[in-house]
Structures are given as structure tokens and as C-alpha cells.
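User: Please take a close look at the ligand and its surroundings in this structure. I should like one connected account of what the ligand touches and how it is enclosed.

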Amino acid sequence: MIRLKPLMLAAAVGLSAFSAAASSYAAGQVEVLHWWTSGGEAKSVAELKKLLEKEGYTWKDFAVAGGGGDSAMTVLKSRAVSGNPPTAAQIKGPEIQEWAELGFLTNLDDVADKNNWDKLLPKVVADGMKYEGHYVAVPVNVHRVNWMWGNPEVMKKAGVETMPTNWDEFFADADKIKAAGFIPLAHGGQDWQDATTFEAVALSVGGPEFFRKAFVDLDDDALGGETMVKTLKTFKRLRDYIDPDAAGRDWNLATAMVINGKAAFQIMGDWAKGEFLNAGKVAGKDFLCAAVPGTANAYTYNIDSFAMFKVKNKDDKAAQDALARIIMEPTFQKVFNLNKGSIPVRPDIDMADFDACAHKSMEDFQADAKAGTLLPSMAHGMAASSYVKGAIYDVVTNFFNDADMTAEEAAERLVKAVDAAG
Ligand code: BGC
């Protein structure tokens with residue numbers, strides 16, 4: 001549940017007055033909150049703006065920098081509390097229902113019915129966009145999170161021929177890469193990036209069932225047991241393979257280290273591919289994509305979506321409906337995802353122009369959906385409430401940065417922190 005509830009409820013009541021007063025433009029305006037500010041991200045969101053403006057509406061950009069979106073969510077909360085939320089905001093996972101429960105979100109069923117969203121979307125995606133059976137958000141894409149990116153030239157110079165498929169291979173390769181004078185793993189020391197790496201290690205060490213028990217069911221035995229201890233130990237070993245300047249580094253700067261041949265690998269969702277593409281690099285030639293070692297048979301997903309806030313003004317409502325419709329249309333689904341590194345959220349979109357990494361993502365998404373190994377990313381807010389996510393972030397980051405904290409201690413803290421937040 002989103003904190004500040006009473007304040008926000010009060011704000012929601014006052015909201016209609018604001019929205020009615022605020023617009024003085026002809027064809028309707030949408031103010032869109034997002035955190036897509038890296039090179040690849042900015043290029044992608046510009047496509048949405050273009051398509052909306054083509055229909056005569058006005059796009060007011062409300063970009064809040066900060067990978068993973070935590071800063072954007074903080075700003076959103078303060079805007080909402082003051083009775084002034086944007087028309088649309090990039091909100092993901094269970095947070096969509098948290099906002100809907102507070103009464104902030106509008107009903108999109110008309111747009112959804114007219115445009116057949118129920119038929120076009122995989123059920124797991126459609127369900128995530130609804131509150132009490134009604135659409136309140138629209139999905140943009142599917143990002144796979146458990147990817148590792150590689151620079152083939154650096155690998156070759158270090159005598160590493162293929163992407164590692166398990167941790168033993170990874171550590172052996174990483175030693176060779178270090179010996180050859182390169183950084184084995186590009187990493188940005190921010191809590192959400194630590195958590196992105198940590199959940200991938202958990203998936204490989206414990207497997208999909210363990211992942212689900214720990215991060216979806218929040219099961220104490222999984223969070224505090226032996227498998228978690230082993231996960232934490234493997235995770236901490238990675239510290240020996242990142243450079244001393246990682247603290248605070250943005251994720252796209254870590255990707256740039258792989259692009260520029262300073263580092264061999266990065267563990268990051270496929271928004272990293274947007275950076276490779278934006279730098280003119282070609283998949284399979286200039287960069288490689290592979291599942292994080294030991295996770296080839298599972299898929300952690302992260303679905304970007306826009307939740308739509310209540311607006312009073314008729315013109316702005318029309319603009320908001322148009323935005324929702326455009327996001328689900330094939331033109332946007334294709335052009336946006338080609339730039340962003342993700343795959344279309346609609347399985348019926350023609351994938352001919354997409355690269356091998358995107359094809360692999362689409363095939364694995366479908367195979368893992370059938371096999372029951374499609375898993376919501378904890379690190380990207382798809383698995384549990386924002387509070388549980390924050391609690392896990394804290395423990396994981398403190399452990400990663402504290403040479404003295406043992407894995408056993410961290411596992412114990414994880415149980416306590418999740419229980420307190422849940
Ligand atoms: C979002 C991506 C974004 C990434 C880095 C993720 O949580 O889903 O769209 O590119 O954060 O900011």
C-alpha cells in the first residue's frame with residue numbers, strides 16, 4: 001500500500017477541480033511522467049510523442065531521471081499529494097493496483113473494448129493492467145531482465161570464446177578477462193542495479209520455484225534458508241570482478257563500458273540493448289546477449305506500462321484516450337520496441353525487423369509461459385509491493401557493500417525486513 005494514504009485520498013478529491021482549471025489548449029494535452037532519459041530511452045519515448053502529436057494533441061514531457069524509476073515514483077507521490085498528478089505515469093506491477101485502490105486512476109474499459117485489448121494481450125499482461133476487472137493502465141512492452149551482455153572483442157582478447165552458461169564458467173572467464181587488463185563486469189552501484197544482479201543470481205542458484213517462493217510468496221524459509229545463503233555468497237563474489245568506481249554509477253554508463261571495450265560483461269535487462277543500438281552497434285556482431293549464467297530456462301519479466309489518472313476536462317480526456325489507444329497500436333509497438341530493446345507486448349506484431357536478441361526474448365517468453373517459468377522481476381517492481389521491494393533493496397545493497405556482513409546475517413535480515421514491510 002502506498003504510504004501517505006490519507007493525504008492522497010484528500011488530494012484525489014480535490015483533483016477534479018485542478019484538472020478542469022488547468023487546460024487552455026485546443027485539442028487536449030497529456031502530461032506524461034516517465035524516467036526514460038538515457039540515449040536509447042529518450043529516442044524510444046520520442047516516438048510516442050511524435051505519434052500523439054500527429055493526431056493534433058499536445059505532449060507535455062514530465063521526465064524524472066533515475067534508472068529503475070524510484071526517483072520518478074517519489075516525485076509522482078508528491079505531485080499526487082498536492083492534488084496535481086500528471087495525466088499518465090509510468091507505473092508498473094502491483095503499484096498500479098495500489099494507485100487504483102486510492103482512487104486516482106481512471107477507467108479505460110471503453111478504449112480497451114473498442115480496440116480488443118482482452119483478445120490482443122496475453123492474460124498475465126492484461127490482468128496486471130486491471131483493477132477490480134477494469135483497465136486502468138496500458139502496457140507498452142515486455143523487457144526481459146535476466147540478460148547478460150558481452151563485448152566479443154574484449155572476450156576474444158582475453159581468450160574467452162562464448163558467453164558463460166553457469167557461474168563456474170563465469171568466474172573462470174572473469175579471471176582471464178581481469179588478467180588481460182579488462183573489467184570483467186560493468187556495474188553501477190545503485191540499489192536497484194544491485195537488486196537486478198542479485199535476483200538473477202537467486203534464479204540461477206535456486207531455480208524458478210525458489211525464486212517464486214522467495215520473491216512472490218515471500219516465504220520465510222526461502223528468504224532465510226540455505227539456498228538464499230548460497231545465493232548471497234555467489235552474489236558477493238561478483239564484487240571481485242567490478243571496478244572500484246562503480247559506486248553510484250548510472251546503468252547506461254555501465255553499458256557504455258561494455259560498448260567502449262573497457263568491460264566484458266554487464267548483467268542488465270534489455271533496455272541495455274537500447275544503448276548498444278543507439279551507439280550504432282549490431283547484435284551478434286558488436287555485442288552479444290545471453291541469459292544470465294544458469295538462467296536459460298526461465299524468464300524474469302518487466303512490463304512497462306502507463307497508468308492513467310483521472311482528468312475532468314473533456315479535451316484532455318480525449319487526448320488521454322488517444323494516448324492509450326496509440327500505445328497498443330502496431331505502429332507504436334514496433335517502432336518503440338525496436339529502439340527500446342524490449343519486445344512488443346502484443347504477440348501478433350510482425351517481428352521481421354527485430355534482431356536475434358528480441359527473437360530469443362519472444363520465443364523464451366512464450367516457452368516459459370507454457371512451462372510455468374515466467375517470473376515477475378522483484379527488482380523491477382513486478383513481484384511484490386513497493387515496500388517489500390524497498391526492504392529487499394536495503395538488505396541486498398548493504399550486504400553487497402559491507403565486507404564484514406556474512407551471508408547468514410544477510411539472509412536473516414532479509415526475512416525480518418520483508419516481514420516488517422509485508
Ligand atoms: C524500466 C525500463 C527502464 C529501466 C532503466 C526499468 O525499470 O522498466 O523501461 O529503461 O528501468 O531506467
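Analyst: In this predicted model, a polar atom of the G68 backbone lies 3.2 Å from an oxygen atom of the ligand. Side chains also take part in polar contacts. In N302, a polar side-chain atom is placed 2.8 Å from a ligand oxygen. For D304, an N or O atom of the side chain is 2.7 Å from an oxygen atom of the ligand. Considered by itself, the ligand would expose 310 Å², and the protein buries 100% of that area.

The location of the ligand may be described next. The ligand sits in the largest cavity. Around the ligand there are 13 residues, and the closest are E41, K92, N302, D304 and K340. Two of these names, N302 and D304, have already appeared above through their side-chain contacts with ligand oxygen atoms. As for the chemical character of this shell, its residues divide into 4 nonpolar, 5 polar and 4 charged. Among the residues counted as charged are E41, K92, D304 and K340, whereas N302 counts as polar.

To summarise the surroundings of the ligand, its oxygen atoms have polar partners in the backbone of G68 and in the side chains of N302 and D304. The protein buries 100% of the area that the ligand exposes when taken alone, and the ligand sits in the largest cavity.

Technical notes: Residues numbered from 1 in each chain as written. Predicted model: local features only at pLDDT ≥ 70, side-chain atom pairs only at ≥ 80, totals over all residues. Heavy atoms only, no water. Near = heavy atom within 4 Å. Polar contact = N/O pair within 3.5 Å; in protein donor to acceptor, adjacent residues only side chain to side chain. Areas by Shrake-Rupley, 256 points an atom, 1.4 Å probe, with all protein chains shown as cover. 1 Å grid on protein atoms, 1.4 Å probe; cavity = no way out; pocket = protein on both sides within 12 Å on 5 of 7 lines; lining within 4 Å. Sits in = over half its atoms within 2 Å of the grid points.
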